[in-house]
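Visitor: Please pick one part of this model and take me through it closely. I would then like to see how it fits into what surrounds it.

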Amino acid sequence: MSQKRYILVIDSRKCINCKACIVACRAENRVPLGHSRDRINEERRGSFPVLLATFEPEQCHHCENPSCVRVCPTGASHRRDDGIVLVTDDTCIGCRYCMVSCPYNARFFREDRGVVEKCSLCSHRLDRGELPACVQTCPSKVRACGDIADPESEVSRLLDKREYRVKNPQTGNAPQIYYLL
Amino acid sequence: MIRKLDPNPKNPKSRGMLCARGNAGLLQVYDPKRIKKPLIRAGARGEGKWREVSWDEAFDYTANKLKEIKLKHGPQGVLWSSTEAFAEVFFKNLGLAFGSPNIVRHPTLCLASVNLAYSVTFGAVPSFDLQNANYVIMAGANRFESFITPDTMDLIDSTMNRKTRLVYLDPRFTVTAAKADEWYPIKPGSDLAFILALVHVIIAEGRHDKEFVKTYCQGFDQLAEHVKKYSPEWAGNETEIAAANIVRIAREFSDAAPRALFYSGRRSSWYRNDFQMRRAQAILNAIVGNWDKQGGVVPNSKIALGEFLYLPWDDPEAPRIDEMDKNFPLAAKSDGAYLKLRENVLAANPYPVKGWMICKQDPLSALPDQSKTMRMVEQMDFIATIDIQMSDTAWYADVVLPESTYLERQDPVEVLAGIWPVVVMRQPVVKPVHDTKPCLDIVQGIAKRLDLGMYFDYTIDQWNEAAVKELPLDAPMDYLRNHGVYTPPGGPNYGATLNPDHRFVTQSGKIEIFSDRLKEFGHDPLPVYQPPEQPPAGSFRMLVGRKAYFTHANSSSNPWLLDFAPENFLWINPKSASHAGIADGELVEVSSSAGSAKLRARLTEHIRPDCVSMLHGFGKRSQWLTRAYNRGGNDAAVLENGWDGVSGNAAMHETFVKVRKA
């Protein structure tokens with residue numbers, strides 16, 4: 001079987017800022033209180049009554065060329081062959097270089113364990129054939145997660161059919177969250 | 001130990017999702033400030049001093065108090081109030097078996113006006129087929145922040161896939177407004193003018209469904225005459241929505257019919273004319289012929305369940321204290337009218353009510369005019385609350401009976417009605433963590449001591465087996481245990497009433513555009529518009545609303561939810577705030593004739609300058625709601641008493657407030 005490569009495709013227009021993804025992640029990954037691995041960026045413009053509000057879910061972009069992995073002195077931050085970027089608790093020394101190097105502000109320091117934590121794309125769920133918690137729980141099904149190496153996958157079909165963008169491509173990180181336009 | 005809750009993909013209502021509250025629900029089980037044992041008050045009411053007791057002692061104590069009140073004031077001297085829950089039936093039946101006519105449920109704080117409006121017009125309560133509609137007009141229902149399954153998911157899906165055009169009216173720029181194709185910050189209270197003008201245009205231009213109207217409706221000619229005066233130009237002045245837009249929306253709406261609908265929503269407790277406003281929505285839907293069609297307004301289907309044959313009790317002898325027959329003769333009598341009921345309890349009219357049994361409800365938070373509810377609390381000789389957490393009302397009770405959470409108990413099987421009804425069964429996933437009981441056990445414990453045990457002589461399994469035995473399944477209980485939900489084959493139901501011989505459950509057997517029945521009871525047989533009173537200079541209309549991550553007033557203390565809104569703010573337009581010299585984040589006092597609340601101001605362009613708004617469920621009095629206690633302001637303290645005259649539904653958007661620096 002060919003090597004899988006996981007990506008996220010996000011249709012922000014469908015996001016209604018309901019926070020289900022954040023709470024599902026908190027439950028699935030026992031995220032410590034006061035932190036979240038995913039977030040919803042809000043943008044509000046205009047003055048009454050000409051107004052605009054947009055919501056954009058964001059989390060680790062699981063970059064193809066991740067700066068966090070390059071700067072990690074111990075190899076705790078690493079990228080799996082299937083594209084998922086992870087932090088190994090045992091070898092993380094909490095130096096937080098990765099947090100500084102991440103262009104997406106996708107990581108936080110976990111005081112109680114002295115390690116850096118971030119979205120794992122629910123690799124443990126993907127490994128047993130389940131979708132990440134944020135993808136599954138979403139009332140408006142904003143996110144699609146799947147294998148870009150498989151041309152028949154939902155994510156491949158979406159990217160074939162729709163225009164998209166990635167955030168901050170100039171960093172050279174080759175981020176793997178694709179935002180549909 | 002529950003680690004994570006996943007959605008049930010087999011349930012067609014939830015469309016495979018779990019919202020933020022659903023995901024956070026497991027923390028209810030492990031909340032360190034849960035009610036862990038039955039409690040009897042040890043200090044003054046509201047002082048927070050409790051004595052942990054055994055269930056036997058709690059039952060004995062409760063039953064003795066109820067007997068005392070019954071002896072002195074009769075069974076009508078005890079009020080039984082509860083809110084929507086699968087197990088609500090047991091609690092309600094205990095009140096009835098006790099002999100009290102005073103059972104009050106939640107609809108008159110919620111959707112009584114819309115249910116009655118559709119019942120009077122169509123003889124049925126419908127669902128709105130958002131999955132298949134091409135054109136939706138929605139006023140205030142804010143479906144993208146106030147979730148209802150499957151409406152929320154269907155509407156976001158169809159709107160964002162450009163299948164449905166969404167026209168949204170709201171004095172606030174909500175998430176629904178942000179996602180709509182068109183948003184109009186309508187002048188509050190003028191919704192009826194907008195709807196009547198739509199009807200005016202549709203009839204004037206002959207855009208109604210003539211065949212449908214002729215076959216199924218009565219009173220169309222009277223309507224045509226009645227709406228002549230409600231021109232779009234007139235409505236433009238009333239609503240602040242340009243006449244040209246009203247005309248265009250009316251045309252687009254009727255062009256899209258029958259896949260076009262005016263959505264009515266759930267919490268329809270807005271105005272004193274709320275019933276007539278919802279009636280106008282129903283009439284608009286009727287004349288474009290969207291009734292019982294794909295993409296239209298569809299009568300709810302049900303699935304017949306069997307009933308466990310319990311011993312029947314005698315009907316109560318005393319009349320209801322809210323005198324439904326006299327005050328709201330058309331309304332659902334068995335639900336009661338909460339605010340009228342509170343008036344009459346406070347006046348002991350026509351008799352005293354001195355005991356209050358409460359199940360899963362928090363009247364101190366849910367009813368407008370908290371000071372009146374507090375007076376009702378104070379005049380009670382005895383109050384017992386059944387709840388999973390120490391709500392504000394539980395905090396002032398004499399006995400608190402801890403119910404097991406929904407993850408720890410077996411609930412009765414229930415039908416969720418709709419276009420595609422389902423049977424659901426909620427089962428325990430863990431054993432009760434503390435000394436708590438499911439509702440039926442609590443009801444039986446009290447019933448036995450009141451010598452009413454014979455009316456509740458069954459187990460939850462017997463009840464459920466009787467309920468499901470007629471379902472077309474080999475082993476219905478096993479099926480529900482395995483799947484949690486039963487969906488009848490065949491998919492959504494449309495068109496069952498679209499037969500010229502069908503008799504609608506109305507007086508005439510037709511869809512009643514003109515209602516003789518309303519006329520008979522002294523109400524307008526067609527909706528008549530009266531301009532709403534506007535706030536005087538320096539005052540604002542107070543609006544209340546919800547967020548997708550809190551359930552009513554219940555979940556603001558949940559640690560996985562509260563950081564999205566650790567306190568509530570008073571939304572105020574910057575123009576209005578600068579007049580009053582109020583800065584963003586500043587503590588303000590918002591006050592009405594009912595009372596006041598202190599909270600911080602949030603200057604936002606997302607609200608009309610003549611309105612202010614606050615999120616429901618804050619400013620808690622109960623110290624066991626550790627994270628919500630005393631945070632932000634309580635809307636119930638500010639909202640004034642008032643109701644819709646036909647349905648008895650609370651009117652929660654009729655309060656004018658003053659705002660000043662605290």
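Guide: B:Ile572 stands opposite B:Val612 in strand E23 of chain B. B:Ile572 belongs to a partner strand, E20(B) (residues 569–572), which pairs with E23(B) in the antiparallel sense over two bridges. Strands here are DSSP runs of E with at least two residues, helices are runs of H or I with at least four, and both are numbered from the N terminus. Two strands pair if DSSP finds at least two bridges between them.

Please keep in mind that this is a predicted model: local features need pLDDT of at least 70 and side-chain atom pairs count only at pLDDT 80 or more, while totals for chains, interfaces and linings use all residues. Residues are numbered from 1 along each chain as its sequence is written, and chains are lettered from A and ligands numbered from 1 in the order in which they are written.

Back to E23(B), then. Its other partner here is E19(B) (residues 540–545), and that pairing is parallel, over five bridges. Within it, B:Val544 has B:Met614 of E23(B) as its bridge partner.

How well covered is the strand? E23(B) spans residues 611–615, and five of its five residues are buried, so the rest of the structure largely encloses it. Buried means that 20 or more other C-beta atoms lie within 10 Å of a residue's own; 12 or fewer makes it exposed, anything in between partly exposed, and the C-beta atoms are placed from the backbone. The covering applies to both faces: B:Cys611, B:Ser613 and B:Leu615 are buried on one side, and B:Val612 and B:Met614 are buried on the other. So the two bridge residues picked out above, B:Val612 and B:Met614, sit on the side they share.

Now step back to the sheet. E23(B) is one of six strands in a closed barrel, in the order E19-E23-E20-E22-E21-E24 of chain B, with mixed pairing. From one strand to the next the twist averages 45 degrees, where axes are lines fitted to C-alpha atoms (for helices, over the stretch in contact) and angles run from 0 to 180 degrees between N-to-C directions. Elsewhere in the barrel, E21(B) (residues 587–591) and E24(B) (residues 656–661) run antiparallel and are joined by four bridges. There, B:Val590 stands opposite B:Val659 in E24(B).

For comparison, look at another sheet of chain B. Three of its strands form an open sheet in the order E15-E16-E17, with antiparallel pairing. E15(B) (414–416) and E17(B) (485–486) are the edge strands, each pairing on one side only. E16(B) (residues 422–424) meets E17(B) over two antiparallel bridges, with B:Val424 opposite B:Val485.

Where does the barrel fall in the chain? The assignment, which is automatic or taken from a database, gives chain B domain 1 (37–109 + 305–418 + 430–471), domain 2 (126–299) and domain 3 (540–661). The centres of domains 1 and 2, taken over C-alpha atoms, are 38 Å apart.

Between pieces of domain 1 and domain 2 in the numbering you can find a covered helix. H5(B) (residues 112–122) has 10 of its 11 residues buried, among them B:Leu116, B:Tyr118 and B:Phe122. Its cover includes strands E5 (126–128), E11 (297–299) and E18 (511–512), along with helices H13 (274–287) and H22 (516–520), of chain B. Just after H5(B), B:Gly123 takes a positive phi of about 70 degrees.

As for the whole chain, chain B has 24 helices and 24 strands, and 56% of its 662 residues count as buried. Its radius of gyration over C-alpha atoms is 25 Å, which agrees with the value near 26 Å for a compact globule of 662 residues; the rule is 2.2 Å times the number of residues to the power 0.38. Among contacts between residues at least 6 apart in sequence, 74% join residues at least 24 apart, a contact being two C-beta atoms, placed from the backbone, within 7 Å.

Finally, chain B also touches its neighbour: 32 of its residues are in contact with 25 residues of chain A. The largest share of chain B's side, five residues, comes from H6(B).
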